[in-house]
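I opened a notebook on this structure in order to record what I looked up, entry by entry. The sequence and the model come before the entries.

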Amino acid sequence: MACRQNKEWQDAGFEPFRVSVNLSARQFSQQYLTDMVERTLLEDPNDAAIVTAIIAMVQNLSLKVTSEGVETAEQLEFLRSLKCDEIQGYIFSRPLPADKLTKLLAQGMRFCA
């Protein structure tokens, strides 16, 4: 939330500044921590180098990379070019109730990059 709020302030015209985020040892061991960091960084195209480094680091650890919150074709293509394992977000679908998703799946709809 802190990083997202910082981005909102920058979008409103305030000068960028550093934000510290405290994480517990338990959060560091969560499987999707890098995904959350990556999603936040992708919001600013100037941070593409950082996203590239994070994806490379995760892949070198033989872990799967899942990018969440992908909303634009540009983000999707960028992540595909980095061989991101899984991509999810509004570019594919807004959240759906289980019954609607079941119907789409039954019709052969695929939700993967």
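**Entry 1: Thr66**

I began with Thr66, which lies in strand 1. Helices (H or I, at least four residues) and strands (E, at least two) are taken here as DSSP runs, numbered from the N terminus. I then asked whether Thr66 is buried or exposed. Thr66 is buried, with a relative accessible area of 7%. For these words I used the following cut-offs: buried is under 20% relative accessible area, exposed is over 50%, and partly exposed is in between, with a 1.4 Å probe and protein chains only. The side chain of Thr66 also makes a polar contact of 3.0 Å with the side chain of Glu86. A polar contact is a pair of N or O atoms within 3.5 Å; within protein, one must be able to donate a hydrogen and the other to accept it, and residues adjacent in sequence count only if both atoms are side-chain atoms.

**Entry 2: the model as a whole**

I noted that this is a predicted model, in which local features need pLDDT of at least 70 and side-chain atom pairs count only at pLDDT 80 or more, while totals for chains, interfaces and linings use all residues. Residues are numbered from 1 along each chain as its sequence is written, and side-chain values use heavy atoms, with hydrogens and water left out.

The pLDDT is the predictor's confidence in each residue, from 0 to 100. The protein chain averages 76, and 71% of the residues score at least 70. Among the elements, helix 3 (residues 33-42) has the lowest mean pLDDT, 64, and helix 5 (residues 73-81) the highest, 89. I kept a caution in mind: where pLDDT is low, the predicted coordinates should not be read in detail.

I counted 6 helices and 2 strands in the protein chain. Along the sequence they follow the pattern α-α-α-α-β-α-β-α. Of the 113 residues, 20% count as buried.

**Entry 3: helix 5**

Which residues of helix 5 are buried? I found Gln75, Leu76 and Leu79. They cover an arc of only 100 degrees around the axis, which puts them on the same side of helix 5. The arc is that of the directions from the helix axis to the C-beta atoms. The face turned away from this buried side carries the exposed residues Ala73, Glu74 and Ser81.

I next searched the whole structure for salt bridges and found 1. A salt bridge is a side-chain nitrogen of Lys or Arg within 4 Å of a carboxyl oxygen of Asp or Glu. The side chains of Glu77 and Arg80 meet in such a bridge, at 3.1 Å, N to O. Both residues lie in helix 5, 3 residues apart, about one turn of the helix. An α-helix has 3.6 residues a turn, so residues three or four places apart point the same way. Glu77 counts as partly exposed at 44% relative accessibility, and Arg80 counts as partly exposed at 35%.

**Entry 4: positive phi values**

Most residues other than glycine have a negative phi. I therefore noted Ser62, whose phi is near 60 degrees, a positive value in a residue other than glycine. Ser62 lies in the loop between helix 4 and strand 1 and is exposed, with a relative accessible area of 69%.

Lys83 likewise has a positive phi near 60 degrees. Lys83 is found in the loop between helix 5 and strand 2 (86-87) and counts as exposed at 62% relative accessibility. I also looked up Ile55, 28 residues from Lys83 along the chain; their C-alpha atoms are separated by 8.6 Å.
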